[in-house]
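This report describes the structure shown below. It covers domains, strands, nonpolar cores and a metal site.

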Amino acid sequence: MTLPPASTIGIVGGGQLGRMLVMAAAHMGYKTHILCEDENSPASVVSTFTTVASYTDEAALKRFASCVDVVTFEFENIPPASLELLQATTIVHPSPKVLATCRHRVREKSMIRDCGIMTASFIGVKSLTELKHAVEMMGTPCVLKTCEFGYDGKGQVKIESDDECEAAWNTLASKDTILEDWMKFEREISVIVARDVAGNTRCYDPVENIHRNHILAQTNVPAILPDEMAKDACNIAIKLAETLDLVGIMAVELFVMKDGSLLVNELAPRPHNSGHWTIEAAATSQFEQHIRAICGYALGYTTTLIPCTMLNLIGDEVLNWKEYAQNPKAHLHIYGKADIRAGRKMGHVTVLEKV
Ligand SMILES: Nc1ncnc2c1ncn2[C@@H]1O[C@H](COP(=O)(O)OP(=O)(O)O)[C@@H](O)[C@H]1O
Ligand SMILES: [Mg+2]
């Protein structure tokens, strides 16, 4: 079934990804309803409706579900039980099961391995004693991460030698962690895959991602890769989307190793920062594609129309907007966050390389 225009799309989460989903939905004639925990979120200022409530407020969740025609989410830190509650009343895409797998690093990596796809070696760790054993088995350097709630490098500590275990354990202050082998990758790429209700898939070109201070700083489009490797990356993304029975879009972050092998780092079953370039430079933006998938449209073409670079405006960098405003190749996106904070994603700019 295709959701008719003027229907209402519920979006759980109020950040910039929600904001850009709202704008894509609006140009297709849909209303939107944001459910988020903060007043004046980047998404709610552009959305038709907003409910401000805790993601565990059952009454609010039920009310929200009864006013929308389909629900999606723009971040992963929602309790899967809350999505299940929504699903009792309305359609939820991607499914609560996809969320439950992708929001937990051990479950996520285990699923990827079960598909026969490579990841860094990892061990689930639930105590300091387990951590010491795991570091002994894996060797250093390695990285300890919380299984849930990590983003932009938050919730992870690199361990360079055995005697750093206790400090790392105390820093994370979590009993549900994952130890990963530290991979000396050559570069980082990502692929965005879309899958519709009927199971058709389309992939965007792989892009190269450059991080600074563990935060995505720059995406180069397309990644310069051998054709075979680009194809392999897309096939990995498609296989994962099919295994998860995904409806919507999903980003797959990969490490490219020196020997040319590809390891999956993590998955995000939602629009992704490394896909923002698609707004100007792909036939269909990742945001429209997600709305298309969850509303029962055919997927749009994912062709790259023009090579480009996406630069995140982090913290004070947003103050450089004037410089970009005078550049005809630059497309500014400012998220409307009230306070500038170090490390906070305030906006991004897509710079078209060739016109
Ligand atoms: N096992 C690893 N080996 C080497 N680098 C890593 C590893 N895990 C993460 N990193 C680096 O840290 C960045 C952030 O880690 P990631 O697991 O993607 O968490 P998040 O993006 O949720 O903060 C990665 O993009 C990569 O640069
Ligand atoms: Mg990541």
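The sections below go from the domain layout to the metal site.

## Model and domains

The structure is a predicted model. Its domain assignment gives three entries: domain 1 (8-92), domain 2 (121-181) and domain 3 (187-352). Between domain 1 and domain 2, the C-alpha centres are 34 Å apart.

## Strands β1, β2 and β3

A right-handed β-α-β unit is made by β1, α1 and β2. The two strands of this unit, β1 and β2, pair in the parallel sense, with five bridges. One of the bridge partners here is H33 in β2, which is matched with G10.

Strand β2 also pairs with strand β3 (residues 49-52), again in the parallel sense, over four bridges. In this pairing, L35 has T51 of β3 as its bridge partner. Of the six residues of β2, five are buried, so the strand is largely enclosed by the rest of the structure.

## Nonpolar cores

In soluble globular proteins, nonpolar side chains tend to be buried together. The largest nonpolar core in this model has 36 residues, and I9, V12, Y30, L86 and I291 have the most contacts inside it. At least two residues each come from β1 (8-12), α1 (16-27), β2 (31-36), α2 (58-66), β4 (70-73), α3 (80-87) and α10 (286-295). The element that gives the most is α1, with six residues. Because domain 1 (8-92) and domain 3 (187-352) both give residues to this core, it lies between them.

A second core, separate from the largest one, has 29 residues, including I189, C203, M229 and L262. Returning to L86, its contacts are V12, L61, F64, A65, V71 and V92, when residues up to four places away in sequence are not counted.

## Magnesium site

The magnesium ion (ligand 2) has protein donors from E253 (OE), E253 (OE) and E266 (OE), at 2.0 to 2.7 Å from the ion. E253 lies in strand β14 (residues 248-256) and E266 in strand β15 (residues 262-268), so the pair ties together parts that are 13 residues apart in sequence.

Are these two residues buried or exposed? E253 has a relative accessible area of 14% and is buried, because that value is under the 20% cut-off. E266, with a relative accessible area of 24%, is partly exposed.

Notes: Residues numbered from 1 in each chain as written. Chains lettered and ligands numbered in written order. Predicted model: local features only at pLDDT ≥ 70, side-chain atom pairs only at ≥ 80, totals over all residues. Heavy atoms only, no water. Donors = N, O, S within 2.8 Å, 3.2 Å for Na, K, Ca; no water. Buried < 20%, exposed > 50% of the residue type's maximum accessible area, 1.4 Å probe, protein only. Core = buried A, V, L, I, M, F, W, Y, C linked by side-chain atoms within 4.5 Å. Domains from an automatic or database assignment. Contact = heavy atoms within 4.5 Å. Pairing = 2+ DSSP bridges. Right-handed = clockwise from strand over helix to strand, strands pointing away.
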